[in-house]
Amino acid sequence: MTRRLQPVVALLLVAVVIGVPLWLVVATAGKSQGEAVDPDLTPPTTWHLWENLRQVWVDADIPAAFLGSMLIVVPTVAIVLVIGSMAAWVLARRSSRLTAVLYALGISGIILPPAVVTVVLLLRQLGLAGTVTGMIGVYVGIYLSTVIFFVTGFVRTIPEALEEAARIDGAGPVAVFRRVVLPLLRPVLATATILICLYVWNDVFYAFFVIGGRIDTLPLNLFQVASAGLYLNNWHLIFAYVILMSLPLVVTFALAQRRIIAGITSGAVK
């Protein structure tokens with residue numbers, strides 16, 4: 001009896017943990033200003049969701065902030081995946097003390113947070129402070145460790161015989177990686193893509209210090225309009241903004257969920 005109840009209890013816990021905050025966001029975003037003064041779980045008397053979304057889209061200049069986020073997220077993800085997967089392949093296929101040291105250094109960024117003040121000062125010295133290039137460089141340095149960690153474990157599950165067969169056919173290292181290894185990395189790279197997109201898309205801390213006030217991203221834009229008083233106590237508009245900001249990631253996750261789950265399970269088994 002207990003074993004039968006365990007899945008039900010687990011599903012109920014997941015529904016509460018995820019469903020309650022989600023309902024709070026949607027319900028508050030659908031209320032009028034008066035009803036949303038004190039956000040709670042009660043449904044709105046009359047739904048104003050589309051009106052609030054339309055008002056936020058226009059007043060907060062969502063398209064410009066969305067473009068700013070895309071200009072940073074897309075190059076960051078591409079660079080991190082390419083460099084990280086190539087480095088992980090080399091680290092997974094070579095066994096030596098030097099490789100072990102390099103791997104430890106490569107994943108050290110997961111537990112060692114970057115010093116924001118030092119990063120900002122370095123970017124100023126390089127003339128990259130307040131630029132998209134500087135922000136991309138910061139994110140690449142922060143999240144490269146995550147890709148190396150995920151992909152290295154996955155590469156070790158790939159039989160080396162596949163690569164040896166390609167070498168016998170005359171393929172060089174670049175061809176082996178591009179034609180044999182890279183296609184097999186799609187599940188784990190999908191997982192890494194979602195994780196990095198989630199981190200970078202929602203980041204306001206590093207973006208505030210590096211590009212704050214010069215380039216608009218969605219989190220920075222929300223912070224600026226809220227702190228400027230445009231959305232002061234207008235919780236219905238703030239939660240409507242949160243919905244618009246989250247939609248691209250929700251759609252991406254829905255399309256890639258099978259690859260994400262496959263990447264997590266495959267990378268966990270050596």
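Ring pairs join F205, Y206, F208, F209 and F223 into a cluster. This cluster belongs to a predicted model, in which the structure holds 11 aromatic pairs. The protein chain contains 12 helices and 0 strands. The points below treat the aromatic rings, the whole chain, one helix contact and two single residues.

**Aromatic rings**

- A pair of aromatic rings is described by the distance of the centres and the angle of the planes.
- The rings of W23 and W47 have centres 6.2 Å apart and planes at 70°; because an angle over 60 degrees counts as edge-to-face, this pair is edge-to-face.
- W23 and W47 connect distant parts of the chain, being 24 residues apart: W23 belongs to helix α1 (residues 2-29), while W47 lies in the loop between α1 and α2 (49-59).
- W23 has a relative accessibility of 34% and therefore counts as partly exposed.
- W47, at 42% relative accessibility, also counts as partly exposed.
- Within the cluster named above, F208 and F209 form an edge-to-face pair, with 5.5 Å from centre to centre and 85° between the planes.
- F208 is partly exposed, with a relative accessible area of 42%, and F209 is partly exposed at 41% relative accessibility.
- A charged residue also meets a ring: R156 lies over the face of Y103, at 5.5 Å from the ring centre.

**The chain as a whole**

- Read from the N terminus, the elements of the protein chain run α-α-α-α-α-α-α-α-α-α-α-α.
- The C-alpha trace of the protein chain spans about 70 × 65 × 30 Å along its principal axes.
- Of the 270 residues in the protein chain, 38% are buried.
- Among contacts in the protein chain with a separation of 6 or more, 73% are between residues 24 or more positions apart.

**The contact of helices α8 and α9**

- Helix α8 covers residues 173-184 and helix α9 covers residues 186-202; their axes come within 5 Å and cross at roughly 60°.
- This crossing makes α8 oblique to α9, because the angle falls outside the ranges for roughly parallel (under 35 degrees), roughly perpendicular (65 to 115) and roughly antiparallel (over 145).
- On the α8 side the contact is formed by L182, P183 and L184, and on the α9 side by R186, P187 and L189.
- By class, the contact of α8 with α9 has 5 nonpolar residues, no polar residues and 1 charged residue.

**V180, a buried residue**

- V180 is placed in helix α8.
- V180 has a relative accessible area of 17% and is therefore buried, since buried means under 20%.
- Apart from its neighbours within four places in sequence, V180 is in contact with L162, E163, A166 and A175.
- One of these, E163, is 17 residues from V180 along the chain, and the C-alpha atoms of V180 and E163 are separated by 6.7 Å.

**T252, a partly exposed residue**

- T252 is found in helix α12, which covers residues 235-268.
- At 35% relative accessibility, T252 counts as partly exposed, because this value lies between the limits of 20% for buried and 50% for exposed.
- T252 and T193 are 59 residues apart in sequence, and their C-alpha atoms are 9.8 Å apart in space.

How values were computed:
Residues numbered from 1 in each chain as written. Predicted model: local features only at pLDDT ≥ 70, side-chain atom pairs only at ≥ 80, totals over all residues. Heavy atoms only, no water. Helix = DSSP H or I, 4+ residues; strand = E, 2+ residues; numbered from the N terminus. Buried < 20%, exposed > 50% of the residue type's maximum accessible area, 1.4 Å probe, protein only. Axes fitted to C-alpha atoms, helices over the stretch in contact; angles between N-to-C directions. Contact = heavy atoms within 4.5 Å. Nonpolar A, V, L, I, M, F, W, Y, C, P; charged D, E, K, R; others polar. Phe/Tyr/Trp six-rings, centres within 6.5 Å; stacked < 30°, edge-to-face > 60°. Lys NZ or Arg CZ within 6 Å of the ring centre and 35° of its normal.
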